[in-house]
Amino acid sequence: TSSPTHVDTIGYNTMATAGDASDFGNLVLARRAAIGAGNNTRGLFWGGANPGPQEEIDYITIASTGDATDFGDLSTATSYAGATASSVRSIFGSGHTPGVTVTIEYVTIASAGNASDFGDLTVARAESPGTSNGTRGIFIGGYEPAYNGTIDYVTIASTGDATDFGDLADKKGQGGATSDSHGG
């Protein structure tokens with residue numbers, strides 16, 4: 001069997017035109033299972049594995065290509081998580097530490113620094129994708145150690161524990177999430 005590849009490459013597409021991805025630059029640390037969430041100015045890459053969970057947070061300036069810069073660190077090395085953002089904050093929740101976690105952390109996107117405690121999810125899990133409408137962020141499903149259909153929400157501008165939003169019609173993990181309004 002082959003082991004997963006750890007990469008440091010960042011690609012981008014211009015949304016207005018179809019085509020293959022172009023080279024943007026490189027992450028600070030090669031890894032897999034990192035998750036991204038930012039605003040329309042900065043993109044953040046949280047955690048990941050190389051080979052175990054990492055605490056690295058990198059950022060890029062979206063308007064110009066180039067290598068990522070060190071933003072700060074998570075309080076605990078984490079991979080296979082979910083993230084979402086508003087125009088001001090990026091939040092990161094769930095994941096393997098190597099066990100599953102309930103922890104949610106946040107940063108202020110405009111200023112580099114280490115992540116701070118935001119609160120806790122309602123259920124410990126990993127592989128829980130996030131999305132937002134810029135005000136409310138949600139974490140959807142996940143794995144804990146079985147697939148979980150829980151949907152949690154938080155108000156991004158204020159810290160605190162997540163609230164149960166409801167359940168998925170079909171329990172899923174490692175999926176994707178989107179909304180009809182951009183978080184950043």
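This is a chat about strands, loops and one buried acidic residue in a predicted model.

Student: Let's start with the sheet that has strand 7 in it; what is the strand order there?

Tutor: The model, which is a predicted one, has an open sheet of 4 strands in the order 7-8-9-10, and the pairing is antiparallel. Strand 7 and strand 10, the latter covering residues 116–125, are the edge strands, since each of them pairs on one side only. From one strand to the next, the twist averages 20 degrees.

Student: And what holds paired strands together, in general?

Tutor: In a sheet, strands pair through hydrogen bonds of the backbone, and this can be in a parallel or an antiparallel way.

Student: How many bridges are there between strand 7 and strand 8?

Tutor: Strand 7 and strand 8 pair over 4 bridges in the antiparallel sense, and if you would like a residue to look for, Ala85 has Ser90 of strand 8 as its bridge partner.

Student: Okay, switching to strand 5. Which strands does it pair with?

Tutor: Strand 5 pairs with strand 4 in the antiparallel sense over 5 bridges, and it also pairs with strand 6, again antiparallel and over 5 bridges. Asp58 is a useful residue to follow here, as Asp58 in strand 5 is the bridge partner of Phe45, while Asp58 also stands opposite Asp70 in strand 6.

Student: Is strand 5 mostly covered or mostly open?

Tutor: Strand 5 is mostly covered, with 6 of its 8 residues buried.

Student: Now Glu105. Where is it?

Tutor: Glu105 belongs to strand 9, which runs over residues 101–108.

Student: It carries a charge, so what is the nearest side chain of opposite charge?

Tutor: That side chain is Arg89, but it is 12 Å away, and Glu105 has no salt bridge even though Glu105 is buried. What the side chain of Glu105 does have is a polar contact with the side chain of Ser75, at 2.9 Å.

Student: Which other residues is Glu105 in contact with?

Tutor: If we leave aside the neighbours within four places in sequence, the residues in contact with Glu105 include Trp46, Leu74, Thr76, Ile91, Phe92 and Phe118, and Ser75 is on that list as well.

Student: Let's do loops. Where are the cis peptide bonds?

Tutor: One cis peptide bond joins Asn50 and Pro51, with omega about -15 degrees, and Pro51 is placed in the loop between strand 4 (42–46) and strand 5 (54–61). Another cis peptide bond joins Thr97 and Pro98, with omega about 25 degrees, and Pro98 is found in the loop between strand 8 (89–93) and strand 9.

Student: Which residue in the loop between strand 8 and strand 9 has a positive phi?

Tutor: Ser94, which is placed in that loop between strand 8 and strand 9, has a positive phi of about 70 degrees although Ser94 is not a glycine.

Student: Is Ser94 buried or exposed?

Tutor: Ser94 has a relative accessible area of 1%, so it counts as buried, the cut-off for that being under 20%.

Student: What about Tyr80, what is its phi?

Tutor: Phi of Tyr80 is near 55 degrees, which is again a positive value in a residue other than glycine. Tyr80 lies in the loop between strand 6 (69–78) and strand 7 (82–85), and with a relative accessible area of 28%, Tyr80 is partly exposed.

Methods. Residues numbered from 1 in each chain as written. Predicted model: local features only at pLDDT ≥ 70, side-chain atom pairs only at ≥ 80, totals over all residues. Heavy atoms only, no water. Helix = DSSP H or I, 4+ residues; strand = E, 2+ residues; numbered from the N terminus. Buried < 20%, exposed > 50% of the residue type's maximum accessible area, 1.4 Å probe, protein only. Lys, Arg positive; Asp, Glu negative; His and termini not counted. Salt bridge = Lys/Arg side-chain N within 4 Å of Asp/Glu carboxyl O. Polar contact = N/O pair within 3.5 Å; in protein donor to acceptor, adjacent residues only side chain to side chain. Contact = heavy atoms within 4.5 Å. Pairing = 2+ DSSP bridges. Axes fitted to C-alpha atoms, helices over the stretch in contact; angles between N-to-C directions.
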